[in-house]
Every structure is written in structure tokens, then in C-alpha cells.
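Me: I am new to this structure and should be grateful for a close look at a single part of it. Please take one strand and describe its surroundings in a connected account.

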Amino acid sequence: MKTAAGVRVRAATPADLPTIVELRLALIHEHASNRLYSSLRADAPERARRLFAQQLASTTEQMFVAEERGRIVGVIRCVESVGSPLLEPSRYAYVSSAFVRPDARRRGTLRRLVEAAREWCLERGLTEMRLHSVASDEASNAAWEALGFGIVEHMRVASVTER
């Protein structure tokens, strides 16, 4: 657990599921203009509840939440992943679903969530964290750069039904 500047970061529990669903769907809505996130299913909230409940129960991943005055203001998910058998490291942490409520941003909340993720990695013997970020989101990309995440490749998408 981390406590600093009024923000406490802790491992998420099943009791946090409704708020995790809310925040992770808010992340998708925030990037709705991005092609990858623009086609939200009508039943996404129910699917999210089932999926995120499974993730919370997993032994190879961990979600952390940031609380401020008893209110969850941020979330991050870490997954122990297997790398290519040809490359090092053989295992790494994939970080996803990082989101901080807009009214709680620019106060170090994301930094505290990433610190918790780093501690989780160290406990598991993982030496690298990887993540995807939305290319057009300059503010979040600047935040990731400030937290030590550099760009190593670009993801490209092509429709197989369009040319």
C-alpha cells in the first residue's frame, strides 16, 4: 500500500468491481474517436463485469486502485506475460487499463499506480513493463514518457473489408 499526498494505492478486490467497470468503460469512452475503441458493444457493461471479475481472480495478474478520501479515482492492471522464446526477457508485465478520473489528474495518481505496478513486478521477478497507448493522445503519451516508458514500435491497423 502507498499513501502520499492524500492518495492511497492498494490491490483491488472483488468489492471494487462496480467501480472498476465504471472506470475502465470511461477509459474506452474517453478514446471513442480512436478506431480501436469506437465500436462499443451494447452489452459491454455486462461483458465487462464478467471479464473484470475473472481478471480480479487471476493468479497471473493484479489490478490496483488509487483512492482519495475514500473514493476510487484511478485503476491500473498488470498481467504477467510470456515473451518470445527467442528474446529476453522471457517474462514481462503487460500494463493496461490505466485510467485516472479527469478531476484527479495531474496530482501524481498515475505515478503512484505505476509505482505499485513496479513493486508487483519486482515481487514476481519481472524486469520489464510494456503497454500500449493511444497514439493521438499527447497528454497521456507525455505522462508515460515521464514515467519512463519509451516508444519501441507502432501498431498499425487495416480493415480486411476495405482497401
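Reply: The account below follows strand β5, its partners and the loops beside it. The model is predicted: local features need pLDDT of at least 70, side-chain atom pairs count only at pLDDT 80 or more, and totals for chains, interfaces and linings use all residues. Residues are numbered from 1 along each chain as its sequence is written, and side-chain values use heavy atoms, with hydrogens and water left out.

Strand β5 comprises residues 91-100. Helices (H or I, at least four residues) and strands (E, at least two) are DSSP runs, numbered from the N terminus. Of the ten residues in β5, eight are buried, and the strand is thus described as mostly covered. Here buried means under 20% relative accessible area, exposed means over 50%, and partly exposed lies in between, using a 1.4 Å probe and protein chains only.

Two strands pair with β5, where pairing requires that DSSP find at least two bridges between them. With strand β4 (residues 71-82), β5 runs antiparallel, and eight bridges join the two. Within β5, Tyr 94 is the residue that stands opposite Val 79. With strand β6 (residues 129-131), β5 runs parallel, through three bridges. Ala 93 has Met 129 of β6 as its bridge partner.

The path from β5 to β6 includes helix α3 (residues 109-124), and the three elements make a right-handed β-α-β unit. Right-handed means that, with the strands pointing away from the viewer, the path from the first strand over the helix to the second runs clockwise.

Two loops belong to this path. The loop between β5 and α3 contains Arg 101. Arg 101 counts as buried because its relative accessible area is 13%. Its side chain makes a polar contact of 2.8 Å with the side chain of Glu 22. A polar contact is a pair of N or O atoms within 3.5 Å; within protein, one must be able to donate a hydrogen and the other to accept it, and residues adjacent in sequence count only if both atoms are side-chain atoms. A polar atom of the Arg 101 side chain also lies 2.8 Å from the backbone oxygen of Ile 72.

The loop between α3 and β6 contains Leu 126. Leu 126 is classed as buried because its relative accessibility is 3%. From Thr 109, Leu 126 is 17 residues away in sequence and 23 Å away in space, C-alpha to C-alpha.
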